[in-house]
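Here is a note on the model, set out as numbered points for checking against the coordinates.

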Amino acid sequence: MRSISSNIRRSVVITTLLSVLAITFTGTAVAQDPTPTPTSPIWRAYAQIRDAIEEEFNTDLTIVQSYDWEQSEFVNGIDDCVALDNPAAARPVYFGWTFVITDVNGTQYRGRVSFDLRDVAICDDVVQIDTPAPEVQVADTGDLPEAVAGSAATGGFELGGHILELNSNTVSLMQRSGMTWVKTQTSHSIGANATANAGKIDTAKANGFKILFGVVGNKEQLAADFDGYAADYSSYVAGLASLGADAIEVWNEPNIDREWPAGQISGENYTRLLAPASNAIRTANANTLVISGAPAPTGFFGAAGCTANGCNDDVFMQQMAAAGAAQYIDCVGLHYNEGIVPPSQVGGDPRGEYPTYYLQSMTQRGYAPFGGKQVCYTELGYLSGEGFSEPIPASFGWASNTTVAQHAAWLAEAASISAQSGQVRMLIVWNVDFPFYTATDPMGGYAIFRPDDSCPACEQLGAVMGR
């Protein structure tokens with residue numbers, strides 16, 4: 001009888017980037033902005049079914065080729081796919097998720113988990129398929145161009161915020177917080193003209209702010225013609241630099257297949273694009289700070305660190321360093337937006353001890369591989385649903401107990417710790433004014449501008465920054 005209750009062992013601590021975005025999902029790592037590592041029901045269910053299969057079949061599913069899930073109605077009960085010794089023992093559980101997991105050797109397992117996560121059934125049918133796991137195509141980085149020197153490599157700690165719109169309200173919030181940087185994102189596709197962003201640069205500088213552009217690339221165009229797209233992307237970021245951009249983040253979360261072509265994800269491949277982009281920026285404006293694209297913080301890709309669908313952020317940055325990325329960057333881009341404990345805390349997170357849960361170990365994750373290059377947090381935020389009429393979405397349930405008071409205090413403490421570390425050049429708060437709060441992405445819960453028009457974080461950040 002292959003029917004296992006929900007109190008099965010939890011043998012593998014695994015973090016991931018999945019949010020519940022659709023009824024049927026094919027297992028590629030996805031992310032949002034910001035990128036959480038949620039304890040959503042889907043991923044708790046996945047962990048249960050994975051662990052149950054490992055126990056039942058004495059196998060290791062830390063790294064898998066693929067996984068699929070779908071919401072299901074179990075017409076004859078959850079145990080209908082199991083040959084029970086006693087048919088009367090079948091449980092009257094009729095709704096949940098069905099998972100299909102294919103291991104690295106092509107063995108395919110199927111199982112079911114109830115929506116309340118209390119019941120798990122491992123199906124009898126185990127199938128051997130012949131499709132091998134895809135291999136990552138790693139670029140030859142031996143012919144990277146000689147790095148152009150810039151003059152923005154060092155500097156003291158500065159604070160900024162990611163804004164939806166720079167207007168009188170956001171200017172006031174940022175000034176009260178002691179922020180001197182404004183961050184915005186722009187997307188690049190072949191043929192795009194950087195001059196479309198001239199107004200943003202002018203508005204930022206007119207209000208006394210430096211401006212950071214996060215330049216999101218087009219993964220389909222990159223996959224179709226890597227060198228051609230890289231050249232056009234480089235021309236675009238050079239245009240931003242020539243217009244007066246004070247900092248440019250080259251790409252966004254290039255370690256996952258939501259942002260970079262599957263099968264081509266590696267720190268080496270990213271460095272192959274980073275090099276010409278950096279040289280173009282520094283040639284256009286030597287004072288523009290070049291920031292590497294912050295990877296999505298995750299341990300989802302297991303002990304090996306990489307699959308065709310992505311890489312753990314620490315492994316990805318180690319690959320970048322080995323490929324020579326340090327010579328092309330002024331600052332190491334990082335994201336941190338899944339904290340539920342104070343920034344000073346270095347252990348005791350109720351979810352476990354994975355390094356991306358803690359601010360200080362996250363800093364070391366980016367600082368260590370690059371020989372002393374400072375870190376730039378291009379997204380750092382804490383999520384609180386307090387003040388919203390709807391509860392925290394299930395996929396962000398790890399933040400359900402975070403209060404607005406903690407949200408404000410932790411942002412201020414993060415700024416203080418970062419400033420004193422000497423390892424952090426810039427901290428961009430995610431976010432200042434995003435109002436959106438949906439069932440799939442509660443971005444407004446990260447905002448320092450709260451639903452009641454207050455900003456508790458403003459005064460606390462301002463005190464840290466001497467305002």
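1. In this predicted model, eight strands make up an open sheet with parallel pairing, in the order 12-11-10-9-8-17-16-15. The edge positions belong to strand 12 (289-292) and strand 15 (332-336). Each has a single partner strand, so one side of each is left without a neighbour in the sheet. Direction ignored, neighbouring strands of this sheet are turned by 25 degrees against each other on average.

2. Two of the strand pairings can be followed through their bridges. Strand 9 and strand 10 (residues 210-216) run in the parallel sense and are paired over seven bridges. Within that pairing, Phe 213 in strand 10 is the residue opposite Thr 184. Strand 15 and strand 16 are also parallel, and five bridges join them. There, His 335 has Glu 379 in strand 16 as its bridge partner.

3. How many of the six residues of strand 16 (residues 375-380) are buried? Six of the six are, and the strand is accordingly described as mostly covered.

4. Helix 6 (residues 267-284) lies across two strands, strand 11 (247-250) and strand 12. Its direction is at about 160 degrees to strand 11.

5. Helix 2 (residues 168-177) has buried residues at Thr 170, Val 171, Leu 173, Met 174 and Ser 177. Seen down the helix axis, these buried residues fall within an arc of 165 degrees, so they line one face of helix 2. Their cover includes strand 8 (158-162), strand 9 (181-187) and helix 10 (456-464).

6. Both ends of helix 2 have a local feature to check. At the start of the helix, a side-chain oxygen of Asn 167 comes to within 3.1 Å of the backbone nitrogen of Asn 169. Just after the helix, Gly 178 has a positive phi of about 80 degrees.

7. Helix 10 can be read in the same way. Ala 457, Cys 458, Leu 461 and Gly 462 are its buried residues. Viewed down the axis of helix 10, they fall within an arc of 130 degrees, so they line one face of the helix. Which elements do these residues pack against? The partners are strand 8, helix 2, helix 9 (404-421) and strand 17 (424-429). After helix 10 comes Gly 466, with a positive phi near 80 degrees.

8. The disulfide count comes to four. With bonded cysteines counted along the chain, the pattern is 1-2, 3-4, 5-6, 7-8. Three of the links are taken up in the points below.

9. One disulfide is formed by Cys 81 and Cys 123, with their sulfur atoms 2.2 Å apart. The torsion about its S-S bond is -70 degrees, and the link is left-handed. This pair links distant parts of the chain, its two cysteines being 42 residues apart. Cys 81 is in the loop between strand 3 (64-73) and strand 4 (95-103). Cys 123 is in the loop between strand 6 (119-122) and strand 7 (127-128). Are these two cysteines buried or exposed? Cys 81 has 11% relative accessibility and therefore counts as buried, and Cys 123, at 1%, counts as buried too. The cut-off for buried is under 20% relative accessible area.

10. Cys 306 is joined to Cys 311 by a disulfide with an S to S distance of 2.0 Å. The torsion about its S-S bond is about 115 degrees, so this disulfide is right-handed. Cys 306 has a relative accessible area of 22% and is therefore partly exposed, whereas Cys 311, at 0% relative accessibility, counts as buried.

11. A further disulfide joins Cys 455 to Cys 458, S to S 2.0 Å. With 85 degrees about the S-S bond, this link is right-handed. Cys 455 and Cys 458 are both buried. Cys 458 also appears among the buried residues of helix 10, which ties this link to the face described in point 7.

Definitions and conventions:
Residues are numbered from 1 along each chain as its sequence is written. This is a predicted model: local features need pLDDT of at least 70, side-chain atom pairs count only at pLDDT 80 or more; totals for chains, interfaces and linings use all residues. Side-chain values use heavy atoms; hydrogens and water are left out. A disulfide is a pair of cysteine sulfur atoms within 2.5 Å. Helices (H or I, at least four residues) and strands (E, at least two) are DSSP runs, numbered from the N terminus. Buried means under 20% relative accessible area, exposed over 50%, partly exposed in between (1.4 Å probe, protein chains only). The arc is that of the directions from the helix axis to the C-beta atoms. Contact means heavy atoms within 4.5 Å. A polar contact is a pair of N or O atoms within 3.5 Å; within protein, one must be able to donate a hydrogen and the other to accept it, and residues adjacent in sequence count only if both atoms are side-chain atoms. Two strands pair if DSSP finds at least two bridges between them. Axes are lines fitted to C-alpha atoms, for helices over the stretch in contact, and angles run from 0 to 180 degrees between N-to-C directions.
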